[in-house]
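Please look through the sequence and the model below before reading on. The explanation that follows is meant to be read with both in view.

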Amino acid sequence: MRKLLLIIQNYQTQISTALLFLGAMIIVVYLSPREAKFKYEFQKAKPWQHENLLAPFDFAIQKGDTEIAKEKRDLAEQKTLFLKFQEEAEGIALAKYESEFKPAWEQALKAGRFSFILEEGDTSFWHDNMLEAGKSTLITVFKKGVLQPLEDEPLAQSYGEVLLLRGQVTEHVEWEQFFSINEADHAVRERLKDRYPAAVSSFLAARVASSLRYNIVFDKETTEKYLENQMNNILATRGMVEEGELIIAKGNLVDQDRFNKLKSLQEVYEGSLSGDDSYFGLLSGQILLAGILFFALFAYLRQFERLVLEDISRLTFILLNILIMVLAAYFIGRFQEEYIFLVPFAILPMVMRSFFDIRLALFVHTVTILIIGFQVPNSFQFVFLQFIAGVFSVLLVNNLYKRRDLFITAGKITAVYAISYFSLAILQEGSIWDINYRVFTYFMVNGLLTLVSFPLIYFQERLFGLVSEISLLELSDTNNPLLRELAETAPGTFQHVLQVANLTENACLAIGGNALLARTGALYHDIGKMQSPMYFIENQSTGINPHDELSFEESAEIIIGHVSAGITMAKQHRLPDILIDFIRTHHGTSTVMYFYRQYIKDFPSDEKALDKFTYPGPKPFSKETAVLMMADTVEAASRSISNPDHDKIDQLVERLIDSQIQSGQFENAPITLREIRTVKKIFKKMLMNIYHVRIKYPD
């Protein structure tokens with residue numbers, strides 16, 4: 001047991017790494033659908049590259065989405081309109097006519113409109129006769145029907161047949177057999193003018209017209225239900241393919257008909273191999289595929305990003321982001337497959353790019369979309385679109401920290417998706433008219449969702465203790481409170497760190513290091529000098545050197561102490577650990593040579609003297625911290641050159657950096673001799689520009 005615990009303790013990082021990869025693989029396999037994948041890849045309007053394909057069993061031919069959509073569109077354009085006969089309309093109209101007739105009749109008599117009736121003296125006869133004539137006319141008009149106008153009804157703009165509902169009976173009708181309200185009014189006047197004098201017919205026509213109403217109305221509810229029922233009854237299949245029938249021969253073009261047959265076979269095939277009998281076979285295949293992809297990621301990290309592999313926090317961050325994307329695809333796939341285009345997979349490489357280099361961001365993105373590609377339909381299209389979008393998301397994003405550029409980035413990604421999908425769809429469909437343009441709306445939403453990357457980066461940065469480029473940019477601002485304090489307390493040191501930051505940044509750009517990280521680390525590497533600024537020569541402007549009052553050991557202790565003081569100050573201001581590393585390592589295990597030599601002159605027999613004048617380290621362990629050490633030493637020493645020229649600067653740079661190499665200061669840093677030579681060239685060129693040294697031309 002004790003031996004086992006000892007093994008676990010010695011291999012804690014390796015065991016944790018293995019468990020993280022194993023856990024991620026288990027989750028991916030668990031989320032993968034237990035259904036087989038069709039072994040043939042095919043695209044519409046492309047030649048069939050495989051052998052002749054015969055139907056392995058009988059299956060129905062599924063209609064394509066485009067075909068079903070066309071049938072629905074045709075059905076909507078030739079839909080059946082339903083009209084409803086309102087029996088109560090006639091009774092309401094007659095009642096209104098009778099109630100208004102008597103007052104209007106009496107008023108007309110008083111006004112003398114019917115003088116010939118008054119002369120005859122038999123008003124009651126005319127009253128009864130005219131009342132019945134109006135009622136009879138209304139009944140005649142309603143019998144034919146008064147149709148409600150349908151110009152403003154969208155459903156009635158296109159149709160096939162028109163049916164009229166009379167109670168439970170349905171009959172086929174034509175628009176022309178009904179009166180419009182104007183036609184009904186005209187028919188009333190024509191009917192009455194032949195039977196009565198002008199004054200009477202005009203009076204009756206006005207009374208009847210005021211009582212007219214629609215008794216044939218549009219039945220929207222029945223029309224919609226009937227259309228919906230017809231839509232639901234559209235068959236998803238048409239025809240059958242019998243076992244042994246040739247579906248497609250090698251070299252044949254995958255036209256629409258063959259494409260539908262192949263898609264139908266694919267759906268039936270995948271469904272038939274998704275039962276209990278094939279469960280363990282499918283599970284084994286998914287375990288192998290997930291294992292291969294995660295092993296590829298492991299191998300990449302081991303070969304090119306060993307520091308990431310050994311940092312459990314960073315590795316957890318990478319695997320967690322992969323699983324977030326897999327989970328998003330899983331839940332969207334269960335809800336609606338087409339909505340997969342809404343998921344902003346391009347966020348993943350953008351987030352990765354904020355903490356790591358482009359190569360790692362793209363590799364992680366590639367592994368992720370390959371994993372998801374086995375879960376979604378039309379894998380080729382998905383992988384193609386997401387890979388292109390991922391590549392452009394890291395290549396086109398320059399300033400993720402600017403709000404304006406965030407929206408520009410969203411527009412760029414949307415455009416990449418749209419162009420890629422459009423070009424692929426034309427190849428597959430062969431026509432721009434058959435493209436599913438609804439997908440472009442999804443791409444617009446997808447682009448807007450990429451804006452989530454900004455708060456996501458901030459949240460994960462705090463959760464995992466990582467440092468993004470956005471944070472480095474904020475920290476490299478010289479208006480940062482800590483840097484402002486340095487400028488006020490130790491102005492000479494502040495000018496020194498600015499020059500060192502410029503040297504370090506340019507050198508890292510030349511050798512492929514993280515220039516932004518190097519510059520930011522350089523700005524903070526000497527903040528510990530604020531504790532005792534006057535004990536450092538760059539801050540001594542009065543000509544008084546406080547070291548004259550101290551022993552050599554005390555002076556060395558103050559000089560060396562600025563490293564530990566800087567670490568303490570950085571932690572108090574919550575600087576990230578990756579920046580504290582620059583403070584901790586910028587002198588490595590070098591010696592304060594001036595005070596050491598003076599001390600040895602007085603105490604040559606002190607065997608422990610070197611330890612008193614040596615920085616505690618550690619030595620630089622990254623390319624950026626190694627460059628900072630070189631830049632710090634060279635910049636400080638260059639200030640002591642009198643009448644600097646090309647040869648003096650050249651000799652100074654060579655001597656100081658070679659001395660650091662010989663003392664083993666860079667043995668833990670992944671920097672090569674070739675890169676160090678490049679750094680030397682950059683330093684020489686920049687120092688000559690700083691001191692306005694003329695370039696030395698060869699003889």
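What follows turns first to a nonpolar surface patch and then to aromatic rings and their partners.

The model is predicted, and a convenient place to begin is the nonpolar surface patch of about 480 Å² that Tyr11, Ile15, Leu19, Leu22 and Ile26 make. One of these residues, Leu22, belongs to helix α2, which covers residues 12–31, and Leu22 counts as partly exposed because its relative accessibility is 41%.

Aromatic rings are the next topic, and the structure holds 25 aromatic pairs. Among them is the pair of Tyr339 and Tyr442, which is edge-to-face because the planes of the two rings stand at 85°, with the centres 5.5 Å apart. This pair links distant parts of the chain, since Tyr339 lies in the loop between α13 (312–335) and α14 (347–355) while Tyr442 lies in helix α18 (residues 438–449), 103 residues apart. Tyr339 counts as partly exposed, at 28% relative accessibility, whereas Tyr442, with a relative accessible area of 10%, is buried.

Tyr594 and Phe595 also form an edge-to-face pair, with 5.2 Å from centre to centre and 80° between the planes. Here Tyr594 counts as exposed at 56% relative accessibility, while Phe595 counts as buried at 12%.

Ring pairs can also join into a cluster, as they do in linking Phe341, Tyr417, Tyr421, Phe440 and Phe443. Finally, aromatic rings also have charged partners: the charged end of Arg207 sits over the ring of Phe203, 5.4 Å from its centre, and the charged end of Arg359 sits over the ring of Phe304, 5.0 Å from its centre.

Conventions:
Residues are numbered from 1 along each chain as its sequence is written. This is a predicted model: local features need pLDDT of at least 70, side-chain atom pairs count only at pLDDT 80 or more; totals for chains, interfaces and linings use all residues. Side-chain values use heavy atoms; hydrogens and water are left out. Patches are made of residues with over 30% relative accessible area and no salt bridge: like charges are joined within 9 Å, nonpolar side chains (Val, Leu, Ile, Met, Phe, Trp, Tyr) within 5 Å. Accessible areas come from the Shrake-Rupley method with a 1.4 Å probe; for residues, only the protein chains shown count as cover. A salt bridge is a side-chain nitrogen of Lys or Arg within 4 Å of a carboxyl oxygen of Asp or Glu. Helices (H or I, at least four residues) and strands (E, at least two) are DSSP runs, numbered from the N terminus. Buried means under 20% relative accessible area, exposed over 50%, partly exposed in between (1.4 Å probe, protein chains only). Rings of Phe, Tyr and Trp (its six-membered ring) pair if their centres lie within 6.5 Å; planes under 30 degrees apart count as stacked, over 60 as edge-to-face and the rest as tilted. A charge sits over a ring if NZ of Lys or CZ of Arg is within 6 Å of the ring centre and within 35 degrees of the ring normal.
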